[in-house]
Amino acid sequence: MFADIIIDIVHEAVDRIFEYKIPAHLESRAALGKTVQIPFGAGNRTRTGYIVGIKEIPEYDPALIKEIIDIRDNEIESQRRLIKLAVFMKQEYGCTMIQALKTVLPVQEKMNREESKSVILTVGRQEGEDFLIRYETRHQVAKARVLKRLLCEADDQEQGKVCDCRNESKSMFREMEVKEISLSYTTLIKEEKVSLSTLKSMEKDGVISICSDCHFRNPIKSPVATHEIHPLNSAQQLIYEEFVRDYDDGIRRTYLLHGVTGSGKTEVYMSLIRKVIEEGKQVIVLIPEISLTFQTVNRFYTYFGDRVSFVNSRLSKGEKYDQFVRAQNGDIDIMIGPRSALFTPFQNLGLIIIDEEHEGAYKSEITPKYHAREVAEHLAKTSNASLVLGSATPSLEAYTKALKGEYRLWILKERANKMELPKISVVDLRQELKEGNRSMFSRELRYEMEQRLRRKEQVMLFLNRRGYAGFISCRVCGKVMKCPHCDISLTYHRGGQMSCHYCGYERPAPMTCPDCGSKHITAFGTGTQKVEAALYKEFPEARIMRMDFDTTRKKESYNQMLEAFSKGEADILVGTQMIVKGHDFSKVTLMGILAADLSLHSGDYRAAEKTFQLVTQASGRAGRGKLPGQVIIQTYQPDHYAILASKRQNYEEFYAQEMTYRRILKYPPCCEMLVIFATSDKEEICKTALDELAAYLKRAFPDIHMIGPSEGAFKKINDIYRRVIYIKETDIDRMKQIRSCAEDYSRTKEIFKQVHLYYDKNPMGIY
Ligand code: ADP
Ligand code: ZN
Ligand code: ZN
């Protein structure tokens with residue numbers, strides 16, 4: 001028997017399949033997706049690879065084919081399904097097989113057994129100190145050292161400090177739990193220089209317990225059943241019944257649940273999940289990372305208990321891996337997580353749910369630049385599972401398919417708790433200025449805010465830009481202060497610092513223009529920091545909280561701030577995107593969108609769509625509880641169709657307008673768009689390489705619709721130059737052909753050794 005093997009290193013040149021002989025004694029253990037050790041290259045260095053195919057007849061001369069050294073029996077057996085999914089992703093998005101495999105296969109590094117062991121303190125403080133005295137009087141110094149260390153750890157935790165050695169494994173949820181005092185086995189052995197027998201003896205004393213599978217424990221240790229379980233209302237029930245009918249009839253398809261914010265989509269998901277689990281199948285639930293809060297996950301626990309797990313980027317590699325092992329072993333039925341949760345190795349997948357399917361976060365920003373919706377569709381098809389997409393503002397892609405009948409469309413028009421949707425008004429900022437209001441709060445917004453403060457209700461203010469002000473420019477010569485490493489204007493922060501949001505470059509703002517020497521160099525525009533400062537001035541009595549990248553850098557602070565605000569510890573919360581996503585604050589009755597224009601002019605063909613989504617989401621934050629909500633949108637362009645449709649909260653109206661625009665200008669979903677993006681630290685090489693590639697593609701496809709090559713929206717970032725080609729094409733297969741020609745061409749040309757090439761199908765951002 002022979003195996004097709006892929007070598008586990010990221011390098012274009014080895015993106016090919018090598019044949020190896022499977023020695024007789026390993027034959028029974030060989031299977032698709034297994035990790036193998038093989039001799040590689042002239043020096044026969046031992047390398048790691050994956051089996052991506054098994055066959056009886058090799059293509060090469062069997063006499064020349066080397067033998068597999070060993071096959072590793074992984075705790076997670078990478079499944080055929082995932083390997084096939086990798087093949088699909090390579091073809092669909094353009095990447096090496098290795099990159100595709102690395103995306104779909106769980107981190108396979110087998111964890112060192114020792115490393116996964118923990119030592120847990122099993123006695124209380126008083127008893128612990130009694131033991132310590134006993135150990136010390138008996139001169140059992142090693143035992144005393146261990147115990148001291150553990151008691152010390154207990155002190156740290158009581159004071160809320162985080163011990164360095166455990167930093168890695170602190171997930172955001174752990175911060176909220178009653179903690180047990182434990183230290184890693186290796187830490188103790190290494191740092192306290194004790195032996196296993198010492199620890200064993202302490203275990204006998206009843207002071208500690210050595211836990212070897214603690215990593216398998218649930219990442220949420222003490223979920224609390226807090227969420228009310230509601231019987232479905234009639235609209236929800238109809239959806240549920242249709243799903244059940246289809247499911248029982250063996251029909252598997254994609255459903256799009258278009259439900260206004262608060263319409264009870266999550267409640268519907270729960271009922272569908274229950275149905276599928278009862279059938280003995282498993283479920284993957286994708287939720288954008290930013291909405292994956294303790295509250296969200298806890299809601300699932302309320303329904304399904306510890307048959308649920310989650311992954312997120314804050315879990316350590318080992319913890320993530322453990323959750324995949326639990327899925328593989330059948331210990332859980334539901335996996336919740338961001339897009340990577342799609343690759344959970346369930347044995348019998350029955351349903352995939354993608355909540356907030358329109359979210360940009362479902363598109364991977366690293367190669368392969370896959371979209372979770374597309375991959376989920378493929379995965380669902382190949383595993384005979386159903387797919388449910390949910391959103392209050394479906395992506396144009398999904399909605400178009402629903403209208404074509406490719407997806408089944410479900411609609412929830414009303415909020416589940418019968419609350420009215422908030423009242424939305426639009427304020428024309430040009431008019432404000434004309435009438436002498438130079439503040440960043442329009443008169444209407446200010447009036448409504450005062451009302452809220454008086455009534456002790458909460459206000460949220462959304463501005464899609466952090467920092468103190470936009471950019472700094474000279475009013476005399478027009479010079480804009482830019483980052484020397486990136487072609488990006490520097491953002492002004494409080495205290496007179498300018499910083500680059502792309503590379504972190506920082507320096508004090510100049511007092512005079514470096515070009516013309518004029519003193520009239522000032523900051524324009526506004527950011528969250530400036531709003532905060534203005535609030536302190538204009539609403540001195542209000543308690544103000546700011547949430548943006550700068551205030552939530554620390555791991556826990558994001559959840560802590562949300563928690564504090566929901567407890568009413570602030571009256572006004574000002575923040576970037578992160579405050580508008582999916583949080584449920586019952587006392588917020590006013591949402592102010594300070595400058596809708598910021599997202600409207602982001603220079604991206606999806607700008608209007610993003611604006612509509614943001615406004616809708618933002619308005620979903622107001623009036624969640626018993627009090628009615630209100631939204632005020634401030635803009636310089638009150639007549640823009642995205643603003644008008646937002647105001648009316650009319651998705652269909654927005655969809656119709658936006659599709660007209662996309663059709664005329666040939667943007668997705670009316671057309672496929674491919675980005676070929678090149679970066680290099682050498683400007684000239686970057687340019688030449690992409691020019692050559694463009695010329696080649698034009699020869700190969702004379703009628704190609706190509707824009708560029710041109711400089712990216714930012715000429716350089718971090719001293720790396722950027723150039724870009726856009727290709728539009730209505731025929732999906734031809735688009736794949738074009739891409740694969742580009743891939744082949746670049747692989748054969750010397751100059752591309754100095755250039756990184758990326759492919760992005762239907763991009764979500766700007767290049
Ligand atoms: P969405 O996911 O669409 O934003 P949720 O499922 O979070 O909506 O529901 C919004 C609110 O309405 C939640 O507080 C939820 O508990 C409540 N809710 C959902 N379905 C029902 C129902 N059938 N009866 C009463 N309340 C419900
Ligand atoms: Zn100047
Ligand atoms: Zn920079």
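Which atom of ligand 1 does a polar side-chain atom of Gln 236 lie 2.8 Å from? In this predicted model, the partner of that Gln 236 side-chain atom is a nitrogen atom of ligand 1. Two further polar pairs involve oxygen atoms of the ligand. A polar backbone atom of Lys 265 is placed 2.9 Å from an oxygen atom of ligand 1, and a polar side-chain atom of Arg 299 lies 2.9 Å from an oxygen atom of ligand 1. Taken alone, ligand 1 exposes 550 Å², of which the protein buries 83%.

The surroundings of ligand 1 comprise 15 residues, and those that come nearest are Pro 231, Gln 236, Lys 265, Thr 266 and Arg 299. By residue class, this shell consists of eight polar, four nonpolar and three charged residues. Helix α8, spanning residues 265-278, supplies three residues, the largest share of the shell.

A separate element considered here is an open sheet of three strands, ordered β19-β20-β21, with antiparallel pairing. Strands β19 (491-493) and β21 (506-508) each have a single partner strand and stand at the edges, so one side of each is left without a neighbour in the sheet. On average, and with direction ignored, neighbouring strands of this sheet are turned by 30° against each other. Strand β20, residues 497-499, pairs with β21 in the antiparallel sense over three bridges. Within this part of the sheet, Gln 497 stands opposite Pro 508 in β21.

Notes
Residues numbered from 1 in each chain as written. Chains lettered and ligands numbered in written order. Predicted model: local features only at pLDDT ≥ 70, side-chain atom pairs only at ≥ 80, totals over all residues. Heavy atoms only, no water. Near = heavy atom within 4 Å. Polar contact = N/O pair within 3.5 Å; in protein donor to acceptor, adjacent residues only side chain to side chain. Areas by Shrake-Rupley, 256 points an atom, 1.4 Å probe, with all protein chains shown as cover. Helix = DSSP H or I, 4+ residues; strand = E, 2+ residues; numbered from the N terminus. Nonpolar A, V, L, I, M, F, W, Y, C, P; charged D, E, K, R; others polar. Pairing = 2+ DSSP bridges. Axes fitted to C-alpha atoms, helices over the stretch in contact; angles between N-to-C directions.
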